Amino acid sequence: MELKDLIPAEGSTKARKRVGRGGASGTGKTAGRGLNGQKSRAGGGKGAGFEGGQTPLARRLPKLPGFRNINRVEYLPVNVKRLEEKFEAGDVVDGESLKAKGIIKHADALVKVLGDGELTKALTVKVDKVSASAKAKIEAAGGKVEEPC
């Protein structure tokens with residue numbers, strides 16, 4: 001067998017429909033488009049996403065996902081177990097000391113201490129916010145919480 005002998009399998013190929021080539025072809029005159037109307041014209045038909053006059057889905061959905069609250073305040077979370085690992089008893093925990101220990105990147109960032117983990121050292125915590133469970137653990141360990149007003 002040679003390359004010139006290759007032919008497609010029986011029934012796998014089909015001649016393309018030649019429309020508008022006379023009445024005898026079966027698709028002459030209107031070329032299978034019916035009589036009048038939008039779909040019989042060149043370039044006729046509805047555009048992609050057209051929903052019959054109903055406002056299309058692409059216009060009903062919001063332009064950007066979600067809702068952005070312009071008044072949102074982001075706090076960096078720091079758990080008491082990180083304070084237990086990084087600080088010694090009697091230390092003051094504030095933005096500067098958290099940055100110095102590598103817990104946060106910027107000393108002026110807003111910080112909230114959360115209550116995950118255990119605390120055995122007495123620390124003085126001076127951050128923007130402290131959760132109720134974290135405050136209870138800090139005070140139970142003999143420390144104190146000083147939140148700004």
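The predicted model contains four helices and six strands. From the N terminus onward, these elements follow the pattern α-β-α-β-α-β-β-β-α-β. The radius of gyration is 37 Å, whereas the globule rule gives 15 Å for 149 residues, so the protein is more spread out than a compact globule. Along the principal axes, the C-alpha atoms occupy a box of roughly 100 × 55 × 25 Å. Of the 149 residues, 20% are buried. The exposed surface of the protein is about 11,700 Å², and 52% of this area is supplied by carbon and sulfur atoms. Among contacts with a separation of 6 or more, 40% involve residues 24 or more positions apart.

Three of the strands form an open sheet in the order β2-β4-β6, with parallel pairing. Strands β2 (92-93) and β6 (144-145) stand at the edges; each has a single partner strand, so one side of each lacks a neighbour in the sheet. The pairing of β4 (residues 124-125) with β6 is parallel and consists of two bridges. Within this pairing, Thr 124 has Lys 144 of β6 as its bridge partner.

In soluble globular proteins, nonpolar side chains tend to be buried together. In the present model, the largest nonpolar core comprises 19 residues. The members that touch the most others are Leu 83, Leu 98, Val 113, Val 125, Val 130 and Ile 138. Helix α2 (80-86), strand β3 (111-114) and helix α4 (132-140) each contribute at least two residues to this core. The surroundings of Ile 138 were examined with neighbours within four places in sequence left aside. On that basis, Ile 138 is in contact with Val 80, Val 113, Leu 119, Leu 123, Val 125, Val 130, Gly 143, Lys 144 and Val 145. Two of these contacts, Lys 144 and Val 145, belong to edge strand β6 (144-145).

The structure holds eight salt bridges. One of them joins the side chains of Arg 60 and Glu 51, with an N to O distance of 3.2 Å. Arg 60 is partly exposed, at a relative accessible area of 44%, and Glu 51 is also partly exposed, at 29%.

A further salt bridge is formed by Asp 116 and Lys 81, whose closest N and O atoms are 3.3 Å apart. This pair links distant parts of the chain: Asp 116 lies in the loop between β3 and β4, Lys 81 lies in helix α2, and the two are 35 residues apart. Both partners fall in the partly exposed class, with relative accessibilities of 42% for Asp 116 and 38% for Lys 81.

Helix α2 also contains both partners of the salt bridge between Arg 82 and Glu 85, which are three residues apart, or about one turn of the helix. The closest N and O atoms of Arg 82 and Glu 85 are 4.0 Å apart. Arg 82 is partly exposed, with a relative accessible area of 29%. Glu 85, at 55%, counts as exposed, because the exposed class begins over 50%. Elsewhere, salt bridges with shared partners join Lys 126, Lys 144 and Glu 146 into one network. Lys 144 thus appears in this network, as the bridge partner of Thr 124 and among the contacts of Ile 138.

Methods. Residues numbered from 1 in each chain as written. Predicted model: local features only at pLDDT ≥ 70, side-chain atom pairs only at ≥ 80, totals over all residues. Heavy atoms only, no water. Pairing = 2+ DSSP bridges. Core = buried A, V, L, I, M, F, W, Y, C linked by side-chain atoms within 4.5 Å. Buried < 20%, exposed > 50% of the residue type's maximum accessible area, 1.4 Å probe, protein only. Contact = heavy atoms within 4.5 Å. Rg over C-alpha atoms; globule rule 2.2 N^0.38 Å. Areas by Shrake-Rupley, 256 points an atom, 1.4 Å probe, with all protein chains shown as cover.
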